[in-house]
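Student: I have a chain open and want to learn how to read it feature by feature. Can we work through it together?

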Amino acid sequence: MLVIAIVAALGPGLQNMYIAVSAIAWVFYARLMRAEVIVQKQHDYADAGRVMGYSAARIIFRHLMPNAIIPLITFWMTDMALVILLGSSLGYLGLGAQPPTAEWGVLIADGKNFMTTAWWMTIFPDLAIVLTGMGFSLLGDGIAIRLRRRT
């Protein structure tokens, strides 16, 4: 709802949609990264780095961040499906991409008037959204499994 309110205040368009989504979504990533760094700081390798005399920057960038970024990447991939759905819904409502631009939400909105005569105008963009969302979700799961095996 907040993204819709921001886009409505800024005006319709892709750039305003990107600004609104970014203004809202960064909070979740910052919280997740902070929580993961706190968890990683409690592991023995962080204490070992301090005992060995490593600087705080080295401990953060060489030990904590590589281990804390794994859940962030996984969340980002699965969140892409929701961002695509959000962008499509804003386009459907007329707040995202404007009609000369080909965007799935705009294509669905344009095709809804022709459901009885040209059903494919709406069904194929719908299928594209579903398949792309499933693809990003499966890719996120695969990356999570692959990165967990590595660690």
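Student: Take Met 134. Is Met 134 buried, exposed or partly exposed?

Tutor: First, the idea: a residue is buried under 20% relative accessible area and exposed over 50%, with partly exposed in between. Met 134 has a relative accessible area of 45%, so Met 134 is partly exposed. Keep in mind that this is a predicted model.

Student: Where does Met 134 sit, and which helix holds it?

Tutor: Met 134 belongs to helix α6, residues 120–150. Now look across to Thr 78. The two residues are 56 apart along the chain, yet their C-alpha atoms are separated by 8.9 Å.

Student: Asp 126 lies in helix α6 as well. How do I classify Asp 126, as buried, exposed or partly exposed?

Tutor: Apply the cut-offs again. Asp 126 has 30% relative accessibility, so it counts as partly exposed. For its spatial setting, take Ile 108. That residue is 18 positions from Asp 126 along the chain, with 7.2 Å between the C-alpha atoms.

Student: Ile 108 is in helix α5. Which residues of helix α5 are buried?

Tutor: Helix α5 covers residues 104–111. Its buried residues are Gly 105, Val 106, Ile 108, Ala 109 and Gly 111. Check the start of α5 too. There, a side-chain oxygen of Glu 103 comes to within 3.0 Å of the backbone nitrogen of Gly 105.

Student: Now helix α4. Why is Thr 74 classed as buried?

Tutor: The cut-off for buried is under 20%. Thr 74 has a relative accessible area of 17%, so Thr 74 is buried. Its helix, α4, runs over residues 56–93.

Student: What does the polar side chain of Thr 74 lie close to, in terms of a backbone oxygen?

Tutor: Look at Ile 70. Its backbone oxygen lies 3.1 Å from a polar atom of the Thr 74 side chain.

Student: Which residues does Thr 74 contact beyond its sequence neighbours?

Tutor: The idea is to skip residues within four places in sequence, then list what remains. For Thr 74, that leaves Gly 140 and Ala 144.

Student: Leu 86 is in helix α4 too. What is its exposure class?

Tutor: Its relative accessible area is 25%, so Leu 86 is partly exposed. Beyond four places in sequence, Leu 86 is in contact with Val 3 and Val 21.

Student: How far is Leu 86 from Pro 99 in space?

Tutor: Always read sequence separation and spatial distance side by side. Leu 86 and Pro 99 are 13 residues apart in sequence and 17 Å apart in space, C-alpha to C-alpha.

Student: Go to the N-terminal part. Why does Val 7 count as buried?

Tutor: Val 7 has 0% relative accessibility, so it counts as buried. Val 7 is in helix α1, residues 2–10.

Student: Which residues does Val 7 touch?

Tutor: With residues up to four places away left out, Val 7 touches Pro 12, Asn 16, Met 17, Ala 20, Leu 90 and Leu 95. Pick out Leu 90. It is 83 residues from Val 7 along the chain, but the C-alpha separation is 8.7 Å.

Student: Asn 16 is on that list. What does Asn 16 contact in turn?

Tutor: Asn 16 contacts Val 7, Leu 10 and Gly 11, with neighbours within four places set aside. It sits in helix α2, residues 14–41. At 17% relative accessible area, Asn 16 is buried.

Student: Now the whole chain. How many helices and strands does it have?

Tutor: Count the elements, then read their order. The chain has 6 helices and 0 strands. Along the sequence the pattern is α-α-α-α-α-α.

Student: How does the radius of gyration compare with that of a compact globule?

Tutor: A compact globule of 151 residues would come near 15 Å, but this chain has 21 Å. The C-alpha trace spans about 70 × 35 × 20 Å along its principal axes.

Student: What share of the residues is buried, and what share of contacts is long in sequence?

Tutor: Buried residues make up 30% of the 151. Among contacts with a separation of 6 or more, 55% join residues 24 or more positions apart.

Student: Last, surface and charge. What should I read there?

Tutor: The accessible surface is about 9700 Å², and 69% of it belongs to carbon and sulfur atoms. There are 11 positive and 8 negative side chains, with the centres of the two sets 12 Å apart.

Note on methods. Residues numbered from 1 in each chain as written. Predicted model: local features only at pLDDT ≥ 70, side-chain atom pairs only at ≥ 80, totals over all residues. Heavy atoms only, no water. Buried < 20%, exposed > 50% of the residue type's maximum accessible area, 1.4 Å probe, protein only. Helix = DSSP H or I, 4+ residues; strand = E, 2+ residues; numbered from the N terminus. Polar contact = N/O pair within 3.5 Å; in protein donor to acceptor, adjacent residues only side chain to side chain. Rg over C-alpha atoms; globule rule 2.2 N^0.38 Å. Contact = heavy atoms within 4.5 Å. Areas by Shrake-Rupley, 256 points an atom, 1.4 Å probe, with all protein chains shown as cover. Lys, Arg positive; Asp, Glu negative; His and termini not counted. Charge placed at Lys NZ, Arg CZ, Asp CG, Glu CD.
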